[in-house]
Structure formats: structure tokens, C-alpha cells
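User: I should like to learn how to read the main features of a protein model in a systematic way. Please take me through them one at a time.

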Amino acid sequence: MKHTQARLAHEIRERISTILRQRVGDPRLAEVSVNEVRVAPDGSYARIYWGTLGPVAAAKEAIEKAKPYLRRCLAAELQIRRVPELDFRLDETLARAERVEGVLRELEQERAAKQKKEEPA
């Protein structure tokens, strides 16, 4: 990622977070957090990874509804010629990590049970 891409991604992340927190009045977006932004090399689109503590389906619907407003706000705030298209994706990193931890716990329990069976009485 080029320096300008990284800087633009950081700026978009900060601005979207602020807009969601201060300007958007939709209560479904109250618990949405922007985790990461990746900008295309040509700056044509920005993929925004988000998470929520509330209901995912409701937040996803609210984000899609607010997307044009968010892009207009970015256009007013960013000093760039062309504001990238916004592509919101649910960040599933935390869910994947929890699944991996669950599998590791199961394996550890199985190993402990197996060792217990093998010990002479």
C-alpha cells in the first residue's frame, strides 16, 4: 500500500467514524465501529470493514441506507478530486478468532482426557 493510500485510508476511517458518531441520527448505527479501511490503488473505491455490538442485520441495513449521505459528507470534508465509492463489509475477524479458540480448547480437553485415560491407576 502506498503512503498516499494509507493516509487516505486513515483519513476516511477517522471521518466515517466521526460522521457515524456525531451526525447520523439512526439508532441502529449507534454501536457501529469502523475497524479498517482499504483504498484501491487508483482511489476508485474504499472497502470499509465494520463491526457492531448490536444486531448485525439492522446495522447492515442502516449502513446501506446511509451510504450516499456518508459519501457526500466525505466529499465535503476531504480535499481530494474524486471521493471513492464506499464498500462496507462486515469485519468477521473476531468471529473467526473465537471459532479458532473454541477448536483449540476442544483439542486441549480431548488431549487432557486422553492423558487421563492412559495414566496407570
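User: Where is Arg28 found?

Analyst: The model is a predicted one. Arg28 is found in the loop between α1 and β1.

User: Is Arg28 buried, partly exposed or exposed?

Analyst: Such a label follows from the relative accessible area, with partly exposed covering the range between under 20% and over 50%. Arg28 has a relative accessible area of 30%, so it is partly exposed.

User: Which residue forms a salt bridge with Arg28?

Analyst: A salt bridge is read from the distance between a side-chain nitrogen and a carboxyl oxygen, for which the cut-off is 4 Å. Glu61 is the partner of Arg28, and their closest N and O atoms are 3.2 Å apart. This pair connects distant parts of the chain, since Glu61 lies in helix α2 and Arg28 in the loop between α1 and β1, with their positions 33 residues apart in the numbering. Glu61 has a relative accessibility of 53% and therefore counts as exposed. In the backbone, Arg28 and Ala58 are 6.2 Å apart, C-alpha to C-alpha, although 30 residues apart in sequence.

User: How many salt bridges does the structure hold, and which residues are linked in a network?

Analyst: The structure holds 13 salt bridges. Glu11, Arg15, Arg23 and Glu77 are linked in a network of them. Another salt bridge joins Arg38 to Glu36, with the closest N and O atoms 2.9 Å apart. Arg38 is partly exposed, with a relative accessible area of 41%, and Glu36 is partly exposed at 32%.

User: Why are Arg111 and Glu108 separated by about one helical turn?

Analyst: The two residues are three apart in helix α3, which means that about one helical turn separates them. Their side chains meet in a salt bridge, at 3.5 Å from N to O.

User: How should the strands be read, and in which sense do β1 and β2 pair?

Analyst: One asks which strands are joined by bridges, and then whether they run parallel or antiparallel. Strand β1 (residues 32-39) pairs with β2 in the antiparallel sense over seven bridges, and Ser33 stands opposite Gly51 in β2. The two strands form a hairpin with five residues between them, and Gly43 in the turn has a positive phi of about 75°. On β2 there is a further pairing: six bridges join β2 to strand β3 (residues 85-90), and these two run parallel. Ala46 has Leu86 in β3 as its bridge partner. Between β2 and β3 the chain crosses through helix α2 (residues 56-77), and this β-α-β crossover is right-handed.

User: How many residues of strand β2 are buried?

Analyst: Six of the eight residues of β2 (residues 45-52) are buried, so the strand is mostly covered by the under 20% criterion.

User: What should one expect of nonpolar side chains, and which residues have the most contacts inside the largest nonpolar core?

Analyst: In soluble globular proteins, nonpolar side chains tend to be buried together. Here the largest nonpolar core has 26 residues, and Ile12, Ile16 and Leu70 have the most contacts inside it. At least two residues come from each of α1 (3-22), β1, β2, α2 and β3. The largest share, seven residues, is supplied by α2.

User: Which residues make a nonpolar surface patch?

Analyst: Val100, Val103, Leu104 and Leu107 make a nonpolar surface patch of about 360 Å². Among them, Val100 is found in helix α3 (residues 93-118).

Technical notes
Residues are numbered from 1 along each chain as its sequence is written. This is a predicted model: local features need pLDDT of at least 70, side-chain atom pairs count only at pLDDT 80 or more; totals for chains, interfaces and linings use all residues. Side-chain values use heavy atoms; hydrogens and water are left out. Patches are made of residues with over 30% relative accessible area and no salt bridge: like charges are joined within 9 Å, nonpolar side chains (Val, Leu, Ile, Met, Phe, Trp, Tyr) within 5 Å. Accessible areas come from the Shrake-Rupley method with a 1.4 Å probe; for residues, only the protein chains shown count as cover. Helices (H or I, at least four residues) and strands (E, at least two) are DSSP runs, numbered from the N terminus. Buried means under 20% relative accessible area, exposed over 50%, partly exposed in between (1.4 Å probe, protein chains only). Two strands pair if DSSP finds at least two bridges between them. A crossover is right-handed if, with the strands pointing away from the viewer, the path from the first strand over the helix to the second runs clockwise. A nonpolar core is a set of buried Ala, Val, Leu, Ile, Met, Phe, Trp, Tyr and Cys residues joined through side-chain atoms within 4.5 Å.
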